[in-house]
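Take a look at the chain below. This report walks through its domains and two of its helix settings.

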Amino acid sequence: MESKSILIKNATILNPGEDIKKSSVLIDNDIISCISDDLIHKDADKVIDAEGKLLIPGFVNTHTHLSMNILRGSGDDLPLDTWLNECIWPLEANLTEDICYVGSLLACIEMIKTGTTCLNDMYFNMGSVAKAVEDSGMRGLLAYCIIAFDDETLKKEIKNTNEFTSKYNNTADGRVTTAISPHAPYTTTPDVLKWVRKASNKENMPIHIHVSETKKEVEDIVELYGMRPFEYLEKLGFLGSDVIAAHAVHLSENEIDIIKKYNVKLSHNPASNMKLASGVSPVDKMLKKGITVSLGTDGAASNNNLNMIEEMKIATLLQKVHNYDATALPAEKVFEMATINGAKTLGMDDKIGSVNVGKKADLCLLDINTNYFTPNVNPLSHLVYSSVGGEVSTTICNGEILMENKKLLCVDEMEVFAMAENATEKILSKK
Ligand SMILES: [Zn+2]
(Lines give C-alpha, C1' and ligand atoms only; values in the text may rest on other atoms or scores of the structure.)
Protein backbone atom coordinates (compact mmCIF):
# COMPACT_ATOMS: atom_id res chain seq x y z
CA MET A 1 0.00 0.00 0.00
CA GLU A 2 1.25 3.44 -0.93
CA SER A 3 1.85 5.51 2.17
CA LYS A 4 -0.30 8.61 2.60
CA SER A 5 -1.18 11.10 5.30
CA ILE A 6 -4.02 13.51 6.03
CA LEU A 7 -3.81 16.47 8.39
CA ILE A 8 -7.08 17.75 9.85
CA LYS A 9 -6.18 21.24 11.09
CA ASN A 10 -7.82 23.24 13.89
CA ALA A 11 -10.70 20.89 14.57
CA THR A 12 -13.06 21.17 17.54
CA ILE A 13 -12.79 17.60 18.83
CA LEU A 14 -15.71 15.99 20.63
CA ASN A 15 -14.76 12.63 22.12
CA PRO A 16 -17.09 10.44 24.21
CA GLY A 17 -16.52 11.02 27.93
CA GLU A 18 -14.15 13.98 27.42
CA ASP A 19 -14.28 17.78 27.42
CA ILE A 20 -14.26 19.47 24.03
CA LYS A 21 -10.81 20.54 22.86
CA LYS A 22 -9.38 22.31 19.85
CA SER A 23 -6.46 20.61 18.13
CA SER A 24 -5.14 19.13 14.89
CA VAL A 25 -5.17 15.46 13.96
CA LEU A 26 -2.66 13.62 11.76
CA ILE A 27 -3.66 10.42 9.99
CA ASP A 28 -0.92 8.15 8.64
CA ASN A 29 -2.42 5.57 6.29
CA ASP A 30 -5.30 4.05 8.31
CA ILE A 31 -4.19 5.19 11.81
CA ILE A 32 -4.49 8.38 13.88
CA SER A 33 -0.77 8.97 14.47
CA CYS A 34 -0.73 12.32 16.29
CA ILE A 35 -3.07 14.84 17.94
CA SER A 36 -1.30 18.14 18.62
CA ASP A 37 -1.54 21.91 18.20
CA ASP A 38 1.93 21.93 16.64
CA LEU A 39 1.18 20.00 13.46
CA ILE A 40 1.92 21.95 10.30
CA HIS A 41 0.93 21.68 6.65
CA LYS A 42 4.12 20.11 5.45
CA ASP A 43 3.57 17.13 7.77
CA ALA A 44 0.92 15.70 5.43
CA ASP A 45 0.07 14.85 1.81
CA LYS A 46 -3.43 16.30 2.21
CA VAL A 47 -4.68 19.03 4.54
CA ILE A 48 -8.29 19.52 5.60
CA ASP A 49 -9.04 22.89 7.19
CA ALA A 50 -11.47 22.03 10.00
CA GLU A 51 -11.99 25.56 11.30
CA GLY A 52 -15.74 25.82 12.02
CA LYS A 53 -16.08 22.05 12.06
CA LEU A 54 -16.77 19.54 14.79
CA LEU A 55 -14.65 16.36 14.67
CA ILE A 56 -16.22 13.25 16.18
CA PRO A 57 -15.50 9.53 15.97
CA GLY A 58 -17.58 7.85 13.25
CA PHE A 59 -20.79 6.38 14.66
CA VAL A 60 -21.01 2.62 15.24
CA ASN A 61 -24.45 1.26 14.31
CA THR A 62 -24.68 -2.06 16.18
CA HIS A 63 -27.76 -3.61 14.58
CA THR A 64 -28.63 -3.39 10.90
CA HIS A 65 -30.08 -5.32 7.98
CA LEU A 66 -28.58 -3.25 5.16
CA SER A 67 -30.35 -5.05 2.32
CA MET A 68 -33.70 -3.97 3.78
CA ASN A 69 -33.09 -0.44 2.51
CA ILE A 70 -34.63 -1.71 -0.72
CA LEU A 71 -37.83 -2.47 1.26
CA ARG A 72 -38.08 0.97 2.84
CA GLY A 73 -41.68 2.14 3.05
CA SER A 74 -43.13 -1.38 2.80
CA GLY A 75 -45.75 -2.31 5.38
CA ASP A 76 -45.72 0.74 7.61
CA ASP A 77 -48.20 0.97 10.47
CA LEU A 78 -48.64 -2.78 10.96
CA PRO A 79 -48.14 -4.94 14.09
CA LEU A 80 -44.90 -6.98 14.07
CA ASP A 81 -46.42 -10.40 13.26
CA THR A 82 -48.62 -9.06 10.43
CA TRP A 83 -45.71 -6.93 9.17
CA LEU A 84 -43.42 -9.99 9.04
CA ASN A 85 -45.90 -12.62 7.80
CA GLU A 86 -47.89 -10.64 5.28
CA CYS A 87 -45.43 -8.01 4.09
CA ILE A 88 -41.72 -8.50 4.79
CA TRP A 89 -41.28 -12.28 4.44
CA PRO A 90 -43.15 -12.48 1.08
CA LEU A 91 -41.08 -9.55 -0.23
CA GLU A 92 -37.83 -11.04 1.10
CA ALA A 93 -38.53 -14.19 -0.91
CA ASN A 94 -37.91 -12.01 -4.02
CA LEU A 95 -34.57 -10.60 -2.87
CA THR A 96 -31.76 -11.88 -5.08
CA GLU A 97 -28.01 -11.41 -4.56
CA ASP A 98 -28.09 -8.43 -6.96
CA ILE A 99 -31.00 -6.76 -5.20
CA CYS A 100 -29.35 -7.19 -1.78
CA TYR A 101 -26.19 -5.59 -3.15
CA VAL A 102 -28.14 -2.53 -4.33
CA GLY A 103 -30.10 -2.30 -1.04
CA SER A 104 -26.86 -2.52 0.95
CA LEU A 105 -25.12 0.13 -1.15
CA LEU A 106 -28.12 2.40 -0.65
CA ALA A 107 -27.75 1.82 3.11
CA CYS A 108 -24.01 2.54 3.06
CA ILE A 109 -24.56 5.84 1.21
CA GLU A 110 -27.11 6.90 3.81
CA MET A 111 -24.81 5.96 6.69
CA ILE A 112 -21.76 7.71 5.27
CA LYS A 113 -23.85 10.86 4.77
CA THR A 114 -24.94 10.82 8.42
CA GLY A 115 -21.53 10.06 9.92
CA THR A 116 -21.62 6.30 10.50
CA THR A 117 -18.40 4.45 9.67
CA CYS A 118 -19.03 0.99 11.19
CA LEU A 119 -22.03 -1.32 11.25
CA ASN A 120 -23.08 -4.73 12.54
CA ASP A 121 -25.25 -6.59 10.04
CA MET A 122 -27.09 -9.91 9.87
CA TYR A 123 -29.22 -11.15 6.97
CA PHE A 124 -29.06 -13.57 4.04
CA ASN A 125 -27.26 -13.09 0.68
CA MET A 126 -24.43 -11.81 2.87
CA GLY A 127 -21.82 -12.05 0.11
CA SER A 128 -23.65 -9.12 -1.52
CA VAL A 129 -23.64 -7.18 1.75
CA ALA A 130 -19.90 -7.79 2.17
CA LYS A 131 -19.30 -6.55 -1.38
CA ALA A 132 -21.35 -3.39 -0.75
CA VAL A 133 -19.50 -2.67 2.50
CA GLU A 134 -16.18 -3.24 0.76
CA ASP A 135 -17.12 -1.05 -2.23
CA SER A 136 -18.48 1.76 -0.05
CA GLY A 137 -15.30 1.91 2.06
CA MET A 138 -17.11 1.33 5.36
CA ARG A 139 -16.24 -1.04 8.22
CA GLY A 140 -18.60 -3.89 9.01
CA LEU A 141 -19.04 -6.91 11.25
CA LEU A 142 -21.21 -9.19 9.13
CA ALA A 143 -23.05 -12.42 9.77
CA TYR A 144 -25.16 -14.91 7.87
CA CYS A 145 -28.47 -15.20 9.75
CA ILE A 146 -29.35 -18.77 10.83
CA ILE A 147 -32.99 -19.83 11.12
CA ALA A 148 -33.45 -23.58 11.79
CA PHE A 149 -35.97 -25.81 13.57
CA ASP A 150 -34.60 -29.22 12.57
CA ASP A 151 -31.28 -31.04 12.07
CA GLU A 152 -31.42 -31.05 8.30
CA THR A 153 -31.92 -27.27 8.10
CA LEU A 154 -29.22 -26.77 10.75
CA LYS A 155 -26.75 -28.72 8.60
CA LYS A 156 -27.53 -26.46 5.63
CA GLU A 157 -27.25 -23.33 7.78
CA ILE A 158 -23.89 -24.48 9.22
CA LYS A 159 -22.64 -24.88 5.66
CA ASN A 160 -23.91 -21.40 4.70
CA THR A 161 -22.32 -19.88 7.82
CA ASN A 162 -18.96 -21.57 7.28
CA GLU A 163 -18.88 -20.63 3.61
CA PHE A 164 -19.54 -17.00 4.47
CA THR A 165 -17.08 -16.70 7.36
CA SER A 166 -14.24 -18.51 5.61
CA LYS A 167 -14.62 -16.37 2.49
CA TYR A 168 -15.12 -12.93 4.05
CA ASN A 169 -13.57 -12.75 7.54
CA ASN A 170 -10.79 -10.19 7.66
CA THR A 171 -11.17 -9.01 4.06
CA ALA A 172 -11.29 -5.50 2.51
CA ASP A 173 -8.04 -4.43 4.26
CA GLY A 174 -9.46 -5.74 7.55
CA ARG A 175 -12.61 -3.59 7.28
CA VAL A 176 -14.88 -6.61 6.89
CA THR A 177 -14.95 -9.17 9.70
CA THR A 178 -17.53 -11.84 10.41
CA ALA A 179 -19.72 -12.98 13.28
CA ILE A 180 -21.99 -15.98 13.81
CA SER A 181 -25.68 -15.21 13.97
CA PRO A 182 -28.60 -17.31 15.11
CA HIS A 183 -31.68 -15.17 14.29
CA ALA A 184 -33.33 -15.46 17.75
CA PRO A 185 -34.22 -17.99 20.45
CA TYR A 186 -37.73 -18.35 18.97
CA THR A 187 -36.49 -19.12 15.42
CA THR A 188 -33.86 -21.70 16.44
CA THR A 189 -33.52 -24.74 18.74
CA PRO A 190 -31.20 -25.54 21.69
CA ASP A 191 -29.04 -27.58 19.28
CA VAL A 192 -28.60 -24.58 16.98
CA LEU A 193 -27.58 -22.31 19.85
CA LYS A 194 -25.15 -24.91 21.25
CA TRP A 195 -23.51 -25.25 17.83
CA VAL A 196 -23.23 -21.45 17.56
CA ARG A 197 -21.49 -21.18 20.95
CA LYS A 198 -19.01 -23.91 20.01
CA ALA A 199 -18.30 -22.41 16.58
CA SER A 200 -17.87 -18.94 18.09
CA ASN A 201 -15.30 -20.26 20.59
CA LYS A 202 -13.45 -22.18 17.90
CA GLU A 203 -13.34 -19.33 15.36
CA ASN A 204 -13.03 -16.55 17.96
CA MET A 205 -15.96 -14.69 16.40
CA PRO A 206 -18.68 -12.68 18.16
CA ILE A 207 -22.31 -13.84 18.22
CA HIS A 208 -25.08 -11.55 16.95
CA ILE A 209 -28.66 -12.46 17.94
CA HIS A 210 -32.10 -10.85 18.46
CA VAL A 211 -33.38 -11.41 22.02
CA SER A 212 -36.66 -10.40 23.70
CA GLU A 213 -37.86 -7.89 21.13
CA THR A 214 -41.55 -8.49 21.83
CA LYS A 215 -43.71 -9.61 24.73
CA LYS A 216 -45.11 -12.44 22.65
CA GLU A 217 -41.74 -14.05 21.94
CA VAL A 218 -40.89 -13.94 25.67
CA GLU A 219 -44.22 -15.65 26.46
CA ASP A 220 -43.55 -18.27 23.77
CA ILE A 221 -40.08 -19.07 25.18
CA VAL A 222 -41.51 -19.30 28.72
CA GLU A 223 -44.15 -21.71 27.45
CA LEU A 224 -41.61 -23.83 25.53
CA TYR A 225 -38.75 -23.97 28.03
CA GLY A 226 -40.31 -22.89 31.36
CA MET A 227 -37.99 -19.88 31.69
CA ARG A 228 -37.39 -16.44 30.19
CA PRO A 229 -35.08 -15.94 27.14
CA PHE A 230 -31.87 -14.82 28.93
CA GLU A 231 -32.39 -17.53 31.60
CA TYR A 232 -32.75 -20.08 28.79
CA LEU A 233 -29.61 -18.79 27.03
CA GLU A 234 -27.68 -18.94 30.33
CA LYS A 235 -28.78 -22.52 30.95
CA LEU A 236 -27.56 -23.53 27.47
CA GLY A 237 -24.11 -22.11 28.24
CA PHE A 238 -24.62 -19.66 25.35
CA LEU A 239 -23.88 -16.34 27.07
CA GLY A 240 -20.55 -14.53 27.20
CA SER A 241 -18.94 -11.12 26.68
CA ASP A 242 -18.86 -11.80 22.92
CA VAL A 243 -22.67 -12.00 22.63
CA ILE A 244 -24.33 -8.99 20.96
CA ALA A 245 -28.03 -9.10 21.82
CA ALA A 246 -30.21 -6.80 19.75
CA HIS A 247 -33.34 -5.22 21.25
CA ALA A 248 -33.46 -6.75 24.79
CA VAL A 249 -36.74 -4.90 25.41
CA HIS A 250 -38.62 -7.14 27.83
CA LEU A 251 -36.32 -8.08 30.74
CA SER A 252 -36.91 -9.29 34.31
CA GLU A 253 -34.64 -8.15 37.16
CA ASN A 254 -33.03 -11.60 37.10
CA GLU A 255 -32.32 -11.28 33.37
CA ILE A 256 -30.68 -7.86 33.88
CA ASP A 257 -28.45 -9.52 36.51
CA ILE A 258 -27.62 -12.32 34.05
CA ILE A 259 -26.72 -9.80 31.29
CA LYS A 260 -24.41 -8.03 33.77
CA LYS A 261 -22.87 -11.27 35.08
CA TYR A 262 -21.84 -12.49 31.61
CA ASN A 263 -20.99 -9.00 30.31
CA VAL A 264 -23.39 -9.54 27.39
CA LYS A 265 -23.40 -6.52 25.05
CA LEU A 266 -26.71 -4.95 24.03
CA SER A 267 -27.84 -3.07 20.93
CA HIS A 268 -30.75 -0.73 21.68
CA ASN A 269 -32.97 0.07 18.67
CA PRO A 270 -35.48 2.64 19.92
CA ALA A 271 -37.02 3.84 16.62
CA SER A 272 -37.74 0.29 15.48
CA ASN A 273 -39.12 -0.67 18.90
CA MET A 274 -41.40 2.37 18.86
CA LYS A 275 -42.56 1.93 15.26
CA LEU A 276 -43.41 -1.75 15.75
CA ALA A 277 -44.88 -0.94 19.20
CA SER A 278 -42.57 -3.56 20.75
CA GLY A 279 -41.96 -1.78 24.07
CA VAL A 280 -39.25 0.17 25.91
CA SER A 281 -35.91 -1.36 26.93
CA PRO A 282 -34.75 -0.32 30.45
CA VAL A 283 -31.63 1.30 28.99
CA ASP A 284 -31.07 4.05 31.57
CA LYS A 285 -31.25 1.52 34.40
CA MET A 286 -28.88 -0.93 32.70
CA LEU A 287 -26.30 1.75 31.89
CA LYS A 288 -26.36 2.79 35.56
CA LYS A 289 -25.61 -0.85 36.48
CA GLY A 290 -22.53 -0.78 34.21
CA ILE A 291 -23.97 -2.87 31.35
CA THR A 292 -22.61 -2.00 27.88
CA VAL A 293 -25.58 -0.74 25.87
CA SER A 294 -24.94 0.56 22.35
CA LEU A 295 -27.21 2.00 19.68
CA GLY A 296 -28.57 0.49 16.48
CA THR A 297 -31.14 1.44 13.88
CA ASP A 298 -32.35 -2.01 12.81
CA GLY A 299 -33.40 -2.29 9.14
CA ALA A 300 -34.88 0.52 7.05
CA ALA A 301 -38.26 -1.22 6.82
CA SER A 302 -38.86 -0.78 10.55
CA ASN A 303 -37.16 2.55 11.32
CA ASN A 304 -37.24 3.90 8.43
CA ASN A 305 -33.74 5.34 8.22
CA LEU A 306 -30.22 4.52 9.42
CA ASN A 307 -29.47 7.96 10.85
CA MET A 308 -27.57 7.57 14.15
CA ILE A 309 -27.89 11.28 14.96
CA GLU A 310 -31.67 11.00 14.88
CA GLU A 311 -31.47 7.68 16.75
CA MET A 312 -29.58 9.32 19.63
CA LYS A 313 -32.37 11.86 20.14
CA ILE A 314 -35.08 9.21 19.94
CA ALA A 315 -33.19 7.05 22.49
CA THR A 316 -32.85 9.80 25.06
CA LEU A 317 -36.40 11.16 24.65
CA LEU A 318 -37.85 7.67 24.99
CA GLN A 319 -35.98 7.00 28.27
CA LYS A 320 -37.05 10.36 29.67
CA VAL A 321 -40.75 10.05 28.93
CA HIS A 322 -40.86 6.36 29.86
CA ASN A 323 -39.27 6.99 33.27
CA TYR A 324 -41.00 10.37 33.87
CA ASP A 325 -37.46 11.58 34.50
CA ALA A 326 -35.89 14.39 32.47
CA THR A 327 -32.44 13.42 33.79
CA ALA A 328 -32.64 9.90 32.28
CA LEU A 329 -30.10 9.06 29.53
CA PRO A 330 -28.38 12.46 29.20
CA ALA A 331 -26.72 13.64 25.96
CA GLU A 332 -23.19 12.57 26.96
CA LYS A 333 -24.37 9.02 27.70
CA VAL A 334 -26.29 8.56 24.46
CA PHE A 335 -23.25 9.91 22.53
CA GLU A 336 -21.15 7.23 24.28
CA MET A 337 -23.73 4.61 23.27
CA ALA A 338 -23.44 5.67 19.61
CA THR A 339 -19.62 5.67 19.58
CA ILE A 340 -17.39 3.99 22.19
CA ASN A 341 -20.09 1.64 23.52
CA GLY A 342 -20.73 0.56 19.94
CA ALA A 343 -17.03 -0.22 19.58
CA LYS A 344 -17.06 -2.19 22.87
CA THR A 345 -20.16 -4.06 21.74
CA LEU A 346 -18.40 -5.26 18.60
CA GLY A 347 -15.16 -6.05 20.47
CA MET A 348 -13.40 -3.25 18.55
CA ASP A 349 -12.82 -0.62 21.25
CA ASP A 350 -9.05 -1.02 20.90
CA LYS A 351 -9.46 0.09 17.24
CA ILE A 352 -12.42 2.48 16.90
CA GLY A 353 -15.04 4.49 18.85
CA SER A 354 -12.98 7.56 19.81
CA VAL A 355 -10.53 10.07 18.33
CA ASN A 356 -7.30 8.84 19.95
CA VAL A 357 -3.73 8.24 18.84
CA GLY A 358 -3.23 4.63 17.77
CA LYS A 359 -6.84 4.08 16.77
CA LYS A 360 -8.10 3.61 13.22
CA ALA A 361 -8.97 6.85 11.44
CA ASP A 362 -12.77 6.37 11.44
CA LEU A 363 -13.92 9.97 11.77
CA CYS A 364 -16.55 12.46 10.81
CA LEU A 365 -16.59 16.26 10.45
CA LEU A 366 -19.73 18.35 10.89
CA ASP A 367 -20.27 21.98 9.83
CA ILE A 368 -21.08 23.98 12.95
CA ASN A 369 -21.61 27.32 11.23
CA THR A 370 -25.17 26.16 10.60
CA ASN A 371 -28.68 26.72 12.02
CA TYR A 372 -28.84 23.75 14.31
CA PHE A 373 -25.42 24.46 15.87
CA THR A 374 -26.05 28.18 16.49
CA PRO A 375 -25.50 29.68 19.01
CA ASN A 376 -22.38 27.61 19.34
CA VAL A 377 -22.43 27.18 23.11
CA ASN A 378 -22.85 23.44 23.54
CA PRO A 379 -21.94 21.29 20.49
CA LEU A 380 -22.75 18.02 22.30
CA SER A 381 -26.27 19.22 23.07
CA HIS A 382 -26.71 20.45 19.48
CA LEU A 383 -25.45 17.15 18.08
CA VAL A 384 -27.90 15.07 20.14
CA TYR A 385 -30.97 17.29 20.49
CA SER A 386 -30.85 19.75 17.61
CA SER A 387 -29.09 18.26 14.58
CA VAL A 388 -30.90 16.00 12.12
CA GLY A 389 -27.68 14.89 10.44
CA GLY A 390 -27.43 17.34 7.53
CA GLU A 391 -24.29 18.99 8.95
CA VAL A 392 -22.10 15.93 8.32
CA SER A 393 -19.72 17.13 5.64
CA THR A 394 -16.75 14.77 5.62
CA THR A 395 -16.59 11.09 6.57
CA ILE A 396 -13.36 9.12 6.82
CA CYS A 397 -13.07 5.35 7.38
CA ASN A 398 -9.82 3.43 7.79
CA GLY A 399 -7.95 6.58 6.69
CA GLU A 400 -9.87 6.85 3.39
CA ILE A 401 -12.06 9.88 2.72
CA LEU A 402 -15.48 8.48 1.75
CA MET A 403 -17.24 11.84 1.57
CA GLU A 404 -15.65 15.29 1.41
CA ASN A 405 -17.64 18.53 1.68
CA LYS A 406 -20.82 16.49 1.20
CA LYS A 407 -19.58 14.90 -2.01
CA LEU A 408 -19.42 11.10 -1.99
CA LEU A 409 -16.10 9.91 -3.36
CA CYS A 410 -16.59 6.15 -3.02
CA VAL A 411 -19.78 5.47 -5.00
CA ASP A 412 -21.90 7.26 -7.59
CA GLU A 413 -25.10 7.79 -5.64
CA MET A 414 -27.27 8.73 -8.65
CA GLU A 415 -26.29 5.46 -10.27
CA VAL A 416 -27.19 3.55 -7.09
CA PHE A 417 -30.57 5.34 -6.83
CA ALA A 418 -31.38 4.33 -10.42
CA MET A 419 -30.32 0.73 -9.69
CA ALA A 420 -32.55 0.77 -6.60
CA GLU A 421 -35.65 1.95 -8.52
CA ASN A 422 -35.00 -0.77 -11.06
CA ALA A 423 -34.61 -3.44 -8.37
CA THR A 424 -37.81 -2.34 -6.64
CA GLU A 425 -39.77 -2.76 -9.87
CA LYS A 426 -38.45 -6.31 -10.08
CA ILE A 427 -39.42 -7.13 -6.47
CA LEU A 428 -42.92 -5.71 -6.85
CA SER A 429 -43.57 -7.36 -10.21
CA LYS A 430 -42.91 -10.79 -8.64
CA LYS A 431 -45.19 -10.21 -5.64
ZN1 LIG B 1 -33.14 -6.92 13.52
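What follows covers the domains, then one buried helix, then a helix pair.

## Two domains

This is a predicted model. The domain assignment splits the chain in two. Domain 1 takes residues 5–58 + 353–408, and domain 2 takes 59–345. Their C-alpha centres lie 28 Å apart.

The two domains touch: 24 residues of domain 1 are in contact with 30 residues of domain 2. On the domain 1 side, helix H14 (379–386), strand E16 (392–397) and strand E17 (400–404) each give at least two residues. H14 supplies the largest share, with five residues. By type, that side of domain 1 has 13 nonpolar, nine polar and two charged residues.

## Helix H3 and its cover

Helix H3 spans residues 126–136. Its buried residues are Met-126, Ser-128, Val-129, Ala-130, Ala-132, Val-133 and Ser-136. Several elements help cover them, including helices H2 (97–113) and H4 (151–168). Strands E7 (116–123), E8 (139–146) and E9 (176–178) are also part of the cover.

Just after H3 comes Gly-137, with a positive phi of about 90°.

## H2 against H15

H2 also packs with helix H15 (residues 413–430). Their axes are 9 Å apart, at an angle of about 140°. That angle makes H2 oblique to H15. The crossing is left-handed.

Which residues of H2 meet H15? They are Ile-99, Val-102, Leu-105, Leu-106 and Ile-109. Facing them in H15 are Glu-413, Val-416, Met-419, Ala-420, Ala-423, Lys-426 and Ile-427. This contact has 10 nonpolar residues, no polar ones and two charged ones.

Conventions. Residues numbered from 1 in each chain as written. Predicted model: local features only at pLDDT ≥ 70, side-chain atom pairs only at ≥ 80, totals over all residues. Domains from an automatic or database assignment. Contact = placed C-beta atoms within 7 Å. Helix = DSSP H or I, 4+ residues; strand = E, 2+ residues; numbered from the N terminus. Nonpolar A, V, L, I, M, F, W, Y, C, P; charged D, E, K, R; others polar. Buried ≥ 20, exposed ≤ 12 C-beta atoms within 10 Å, placed from the backbone. Axes fitted to C-alpha atoms, helices over the stretch in contact; angles between N-to-C directions. Parallel < 35°, antiparallel > 145°, perpendicular 65-115°, else oblique. Left-handed = near helix turned anticlockwise from the far one by under 90°.
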